[in-house]
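Colleague: Got a minute to walk me through this model? I'd like to start with how the chain is divided up.

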Amino acid sequence: MSIAHSQRLTFLRLLAALRPHWRSDVALPARIQTALRGERGVGSRDRRLYRELLFTTLRHLPWLEHCDDDTLVSRVATLAADTRATHGFRETFATPDSLAGLDRTQLLPDWFRAECPAAFEPHQLDTLLTRAPLWLRLQTDTPDEVFADWTSRQWQWTPSPTLDGAVRLHDEVDVTQTEPYERGQIEVQDLGSQLLLAAVAPQPGGRWLDACAGAGGKTLQLARLLGPTGRIAAHDIRPAALAELQMRARRAGVASRIETTGAPSGLFDGVLVDAPCSGSGTWRRSPHLKWVTTPATITRAATTQRTLLDRFARHVRPGGQLVYATCSLCHQENEATVAHFLETHPEFAPAPFAQTFGLTPTSHGLTIWPAAHDTDGFFVAHLRRRTV
Ligand SMILES: C[S@@+](CC[C@H](N)C(=O)[O-])C[C@H]1O[C@@H](n2cnc3c(N)ncnc32)[C@H](O)[C@@H]1O
């Protein structure tokens, strides 16, 4: 049997194991990892092949879930990204005709149309139906050492034309195993996520509360924007995430400027509420979420977001900034949540963005559309507490 035909059998076996879970398991990527580890004799390149085939399947599920095996394999091979890992498989099985007449709008859930009609436009679909690239954030002003390391590994990269310090890596690589990462000179952070704080431009030297800090992706960026005299109180309901944040802050050399807190108190120059959300902006990276998210998920998320925004807004000093962010493209979680907040909090008003990166804000916030800069999707609102 040829290598490609034996890969086909392994792919179909992995798929059969996932099939009962692909419309119900929020943690499907972890299940895929476990399934791949369980495959004996699969090297790292083959693991990359199966990962790409499985994620391609999830990305295009309505086109595939009711097909016979031959049609499914032809379609997945045609749709998969052409990489070193997938090349042989694609050469053997890809048949562009197998996609004739298929409707791309079926590849987003129907209910999403009411939440985000713009996502169904052809140019947004072009991006939303592909894998998001690997974006990094430089945490050094002298990145030559970082670039020298990548050159020695023959990695290709491009600095972002949109934001200084954001770099796109073109290879499928694990940067966490490199010296620049261990030295804290780089962090993995989607460009869209980096644009949120850049859009509101926190004043250097300010004292901020990062109320939903998680493992600190944005906390570290905020520390850099606030500079050496800035201070951050980082809060989250997950102590394990805050412990990871502290480790990353040490690696980045900013630990002395970040204090983790179980119960925020007092007033701050700025409060960031990077709220828990449906993650509908991350479907390029986590396509399984398209099929496990429901309208009820969105309504529940919006209820939580309203509560958190109300709770943490109390910590903004008069004249201070309130930044609300999600990695969702759903109206209820974004503009509608902000509109509700403003209706019930007349002491806050929308504030202008320092930069909008070619995107058009509404009166309630700025959506970072994935197609604009090849990113995940995000939303950010910038509000200010009135002084009187
Ligand atoms: C979108 S994630 C934050 C990501 C993080 N800011 C980053 O940039 O990497 C939302 C976070 O909100 C936290 N969270 C959920 N409910 C919360 C609550 N009641 N109070 C504070 N944080 C909460 C979650 O644990 C999660 O870490």
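Modeller: Sure. Domain bounds here come from an automatic or database domain assignment. For the protein chain, that assignment gives domain 1 (3-102), domain 2 (134-188) and domain 3 (191-385).

Colleague: And what should I know before I read any residue numbers?

Modeller: This is a predicted model, so local features need pLDDT of at least 70 and side-chain atom pairs count only at pLDDT 80 or more, while totals for chains, interfaces and linings use all residues. Residues are numbered from 1 along each chain as its sequence is written.

Colleague: OK. How far apart are the C-alpha centres of domain 2 and domain 3?

Modeller: They lie 24 Å apart. The contact takes nine residues from domain 2 and twelve residues from domain 3, where two residues are in contact if their C-beta atoms, placed from the backbone, lie within 7 Å.

Colleague: What classes of residue are on the domain 2 side?

Modeller: The side of domain 2 that touches domain 3 has three nonpolar, four polar and two charged residues. The classes go like this: Ala, Val, Leu, Ile, Met, Phe, Trp, Tyr, Cys and Pro count as nonpolar, Asp, Glu, Lys and Arg as charged, and the others, Gly among them, as polar.

Colleague: Switching to the ligand. Which residues come nearest?

Modeller: Of the 15 residues around the ligand, those are Cys-212, Gly-214, Gly-217, Lys-218 and Asp-274. A residue is near a molecule or strand if its C-beta atom, placed from the backbone, lies within 6 Å of it. By class, the ligand's shell has eight nonpolar, three polar and four charged residues.

Colleague: What about the largest nonpolar core, how many residues does it have?

Modeller: It has 69 residues, and those with the most contacts inside it are Trp-208, Val-271, Val-273, Tyr-324 and Val-380. The largest share, seven residues, comes from helix H11 (residues 191-200). Domain 2 (134-188) and domain 3 (191-385) each supply at least three residues of this core.

Colleague: Remind me of the cut-offs?

Modeller: A nonpolar core is a set of buried Ala, Val, Leu, Ile, Met, Phe, Trp, Tyr and Cys residues joined through C-beta atoms within 7 Å. Buried means 20 or more other C-beta atoms lie within 10 Å of the residue's own, exposed means 12 or fewer, and partly exposed is in between, with C-beta atoms placed from the backbone. Helices (H or I, at least four residues) and strands (E, at least two) are DSSP runs, numbered from the N terminus.

Colleague: Which residues does Val-271 contact?

Modeller: Leaving aside its neighbours within four places in sequence, Val-271 is in contact with Trp-208, Leu-209, Ala-211, Phe-312, Ala-313, His-315, Val-316 and Leu-322. Apart from the largest core lies another, of 20 residues, among them Ile-32, Val-76, Ala-85 and Phe-93.

Colleague: Now the strands. Why is E12 largely enclosed by the rest of the structure?

Modeller: Because seven of the eight residues of strand E12 (residues 378-385) are buried.

Colleague: And what does E12 pair with?

Modeller: Strands pair if DSSP finds at least two bridges between them. Strand E9 (residues 316-326) runs antiparallel to E12, with six bridges joining them. Leu-322 stands opposite Leu-383 in E12, and Thr-326 has Phe-379 of E12 as its bridge partner. Strand E10 (residues 348-350) is also antiparallel to E12, through three bridges, with Pro-350 opposite Leu-383. Strand E11 (residues 366-368) joins E12 antiparallel by three bridges too, and there Leu-366 partners Val-380.

Colleague: How many residues of E9 are buried?

Modeller: Eight of its eleven, so E9 is mostly covered. Strand E8 (residues 268-274) pairs with E9 in the parallel sense over six bridges, and Phe-268 stands opposite Val-316 in E9.

Colleague: Last bit: is Asp-376 buried or exposed?

Modeller: Asp-376 is buried, with 23 other C-beta atoms within 10 Å. You'll find Asp-376 in the loop between helix H17 (370-373) and E12. Asp-376 and Arg-131 are 245 residues apart in sequence and 9.5 Å apart in space, C-alpha to C-alpha.

Colleague: What's up with phi at Asp-374?

Modeller: Asp-374 has a positive phi of about 55° although it is not a glycine. Asp-374 lies in the loop between H17 and E12 and is partly exposed, with 18 other C-beta atoms within 10 Å.
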